[in-house]
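The following exercises invite the reader to work through one part of a structure step by step. Each task is followed by its solution.

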Amino acid sequence: MERESTSMWELSFVVPPNHETLDFKFLLKPKYSNTPSVVEEGPNRLLTGGTLQGDARLALFRLNGDEVLESRVFIKADRVSPFDLAASWRAYQENLQPSTVRGIPDVSINAVPEMGAENGSSASLELDLEHYVVPAPAPANSGLVYAANMAETPRSLAHLGVFSNTDSSGGASYSNKDAGVSVDRPATIKEMEVIVPDPSKVYSGSGMVESKSVGTFSPLQKQDSHRGLFVDRGVGSPRLVKSASAATFTADLKLDSETKNAMPAAAGAVAAAAVADQMLGPKEDRHLAIVLVGLPARGKTFTAAKLTRYLRWLGHETKHFNVGKYRRLKHGTNQTADFFRGDNPEGMEARNEVAALAMDDMISWMQEGGQVGIFDATNSTKKRRNMLMKMAEGNCKIIFLETICNDERIIERNIRLKIQQSPDYAEEPDFEAGLQDFKTRLANYETVYEPVEEGSYIKMIDMVGGQDGQIQVNNISGYLPGRIVFFLVNTHLTPRPILLTRHGESRDNVRGRIGGDTALSDAGELYAKKLSTFVEKRLKPERAASIWTSTLQRTILTASPIVGFPKIQWRALDEINAGVCDGMTYEEIKKNMPEEYESRKKDKLRYRYPRGESYLDVIQRLEPVIIELERQRAPVVVISHQAVLRALYAYFADRPLKEIPHIEVPLHTIIEIQMGVTGVQEKRYKLMD
């Protein structure tokens, strides 16, 4: 009870209109002492249906001795909607529990530890941080993975029985008589016949074709004799609200499969751009083929895998087609450097054959609804590229992506990684022999290499290190090609860790309430101290690092004990906006807003809280964060919230969009993402239970 005057107190509480009779008495508790509460004199009071039963009477409290305190009692009953209840809760949080971090600038740094800081055992950590390592979820990459093995499994070869797939990572039994590799296909399967377009026929299309974003315009079917208001409640979850003059309203949002599949699973700018481009662009521009060009050991496959991961995360249906994987499945893994000579007609025919197979698979997939295909091969001659453009006519828009590296040190490093990881040299026991063979293969490619000068293209020149490089573009337009260029400008291979962690436990976490802006619990404050110690030990060898938080106080308070690193607040890192459900528990939502509860349960990815956000909305606002994380060359510690970290983690782990709302991101756990030339690896540290 908050005292408003010397003679009146006000008690506020919420009960449903059909509540059972409440039998109660008022208690008077001294504010500045621990003495027991004083119980109201007289019989119990009864509250039924929002009405106080019996005669109105004063509340009498007998204090010390003969002193009696009298208070008037009155009741005012109002019907309160769940929306107003949530708003009242937010007002209570803001007015009676004000933020303890107001006034802290968006960018700050604690240069010197505060005097008297606790260094007790409760906040200390073991000297060896490996003591806190816990297993990562099963789909995560904790070891080195050869990027080409993660590319699309060649379905044309599988359909014709060239190999039998044994696992999801691309493992297979090869079928090649001359190579001496085990044969798995049945004898009844006919030999594969592939029609390869004549590379000598120069592509006749103009080099000045405008590129469009990927997607398909999805018109709502006309509603005859019905009027209504379309309310955007999240992509894929349309709701129709009756207009005042409409007695009934029916909606038919059925889309043909091609249109539905070609639209990106996205919200905001991505969806808007896709719709606009499909209204204005030709049919073939609904599908985009990024065709890699470059000598071996120039980072083509790594770039293809990274771009695939980025586009998938944005919501575009994207697949990576690696021609080397097709070659190994069709012709075996023990091909010597002679196979790649420009004057070897058999080798040239075999390589063009598998390139045509991969291109045909990619186009077939696009016709089934695929949006962006990444075609990964050397494609080092104009004849090969003309062949691909001929196959793409009327099917998809091609943009060539050429990777050029002139740094001999980086090339040598890439070659050695290739020998260690590529299946081409898995059976070569002599590393030096494999190294020499690959360098001979590289020399064979160099003799016939022709830089890209035709069509739409992007040239990445010495961009591996991320410094002193340049990107050249020609005939690039449209939303999606523009996003691709912007992404490539900001990527590099400099190894550095990215640490992701939720804030320490908050008071709302304890209460089971979503959203809010409460301070930390006692356990959360302890985690903040442990996190500070962890960051100091983990990043001690690094020359620089930065701490990123949201603008909500629970992340800022978690970061406050960390000293010596700049701290940057990002509004984009704020928790998913729960709208009118902010401050409620899931049980309260289930009870008071059952339709919203069921809608969220059916599709957590696309469900948008009333006046709030969906996971797809969160992904869109996090794109600048992803671009900046890619651009950074120093370690970054991101202290944020569960929904936000799920979306960020899904990008690095290449998890499907539909899995994002269900990714495990527990409290008081640090997810370390290691980025570098070998790809993305993960390690988890659990500092507290």
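**Exercise 1: Strand pairing**

Strand E11 (residues 133-134) and strand E27 pair in the antiparallel sense over two bridges. The model is a predicted one.

Task. Determine which residue of E27 stands opposite valine 133, and state how E27 pairs with strand E26.

Solution. Step one: valine 133 stands opposite tyrosine 685 in E27. Step two: strand E26 (residues 669-676) and E27 pair in the antiparallel sense, over eight bridges. Step three: within this pairing, methionine 675 has valine 680 of E27 as its bridge partner. Step four: E27 itself spans residues 679-686 and is mostly covered, six of its eight residues being buried.

**Exercise 2: The sheet as a whole**

Task. State the order of the strands in the open sheet of eight strands, and identify which are the edge strands.

Solution. Step one: the order is E10-E24-E23-E25-E22-E26-E27-E11, and the pairing is mixed. Step two: the edge strands are E10 (107-109) and E11, each of which pairs on one side only. Step three: a parallel pairing is found between strand E23 (residues 546-549) and strand E25 (residues 636-640), which are joined by four bridges. Step four: threonine 549 has isoleucine 639 in E25 as its bridge partner. As a general rule, the strands of a sheet pair through backbone hydrogen bonds, either parallel or antiparallel.

**Exercise 3: Helices H18 and H17**

Task. Find which strands helix H18 lies across, and classify the crossing of H17 with H18 by its angle.

Solution. Step one: helix H18 (residues 642-653) lies across strands E22 (496-502), E25, E26 and E27, and runs at about 150° to E22. Step two: the axes of helix H17 (residues 615-631) and H18 come within 9 Å and cross at roughly 55°. Step three: H17 is therefore oblique to H18. Step four: H17 passes H18 in a right-handed crossing. Step five: the contact includes Tyr615, Val618 and Leu622 of H17, and Ala643, Val644 and Phe652 of H18. Step six: the residues of this contact divide into 13 nonpolar, no polar and three charged.

**Exercise 4: Helices H5 and H17**

Task. Decide whether H5 is roughly parallel or roughly antiparallel to H17.

Solution. Step one: the axes of helix H5 (residues 300-314) and H17 come within 10 Å and cross at roughly 160°. Step two: angles over 145 degrees count as roughly antiparallel, so H5 is roughly antiparallel to H17. Step three: the crossing of H5 and H17 is right-handed. Step four: among the residues making the contact are Lys306, Arg309 and Trp313 of H5, and Ile619, Gln620 and Glu623 of H17. Step five: the contact of H5 with H17 comprises seven nonpolar residues, one polar and four charged.

**Exercise 5: Tyrosine 586**

Task. State where tyrosine 586 lies, and why tyrosine 586 counts as partly exposed.

Solution. Step one: tyrosine 586 lies in helix H15 (residues 586-592). Step two: the relative accessible area of tyrosine 586 is 34%. Step three: buried means under 20% and exposed over 50%, so tyrosine 586 is partly exposed. Step four: tyrosine 586 and tyrosine 597 are eleven residues apart in sequence and 7.9 Å apart in space, C-alpha to C-alpha. Step five: leaving aside its neighbours within four places in sequence, tyrosine 586 is in contact with Gly512, Ile514, Tyr597, Arg600 and Tyr609.

Key:
Residues are numbered from 1 along each chain as its sequence is written. This is a predicted model: local features need pLDDT of at least 70, side-chain atom pairs count only at pLDDT 80 or more; totals for chains, interfaces and linings use all residues. Side-chain values use heavy atoms; hydrogens and water are left out. Buried means under 20% relative accessible area, exposed over 50%, partly exposed in between (1.4 Å probe, protein chains only). Two strands pair if DSSP finds at least two bridges between them. Contact means heavy atoms within 4.5 Å. Axes are lines fitted to C-alpha atoms, for helices over the stretch in contact, and angles run from 0 to 180 degrees between N-to-C directions. Angles under 35 degrees count as roughly parallel, over 145 as roughly antiparallel, 65 to 115 as roughly perpendicular and the rest as oblique. A crossing is left-handed if the near helix is turned anticlockwise from the far one by less than a right angle, and right-handed if clockwise. Ala, Val, Leu, Ile, Met, Phe, Trp, Tyr, Cys and Pro count as nonpolar, Asp, Glu, Lys and Arg as charged, and the others, Gly among them, as polar.
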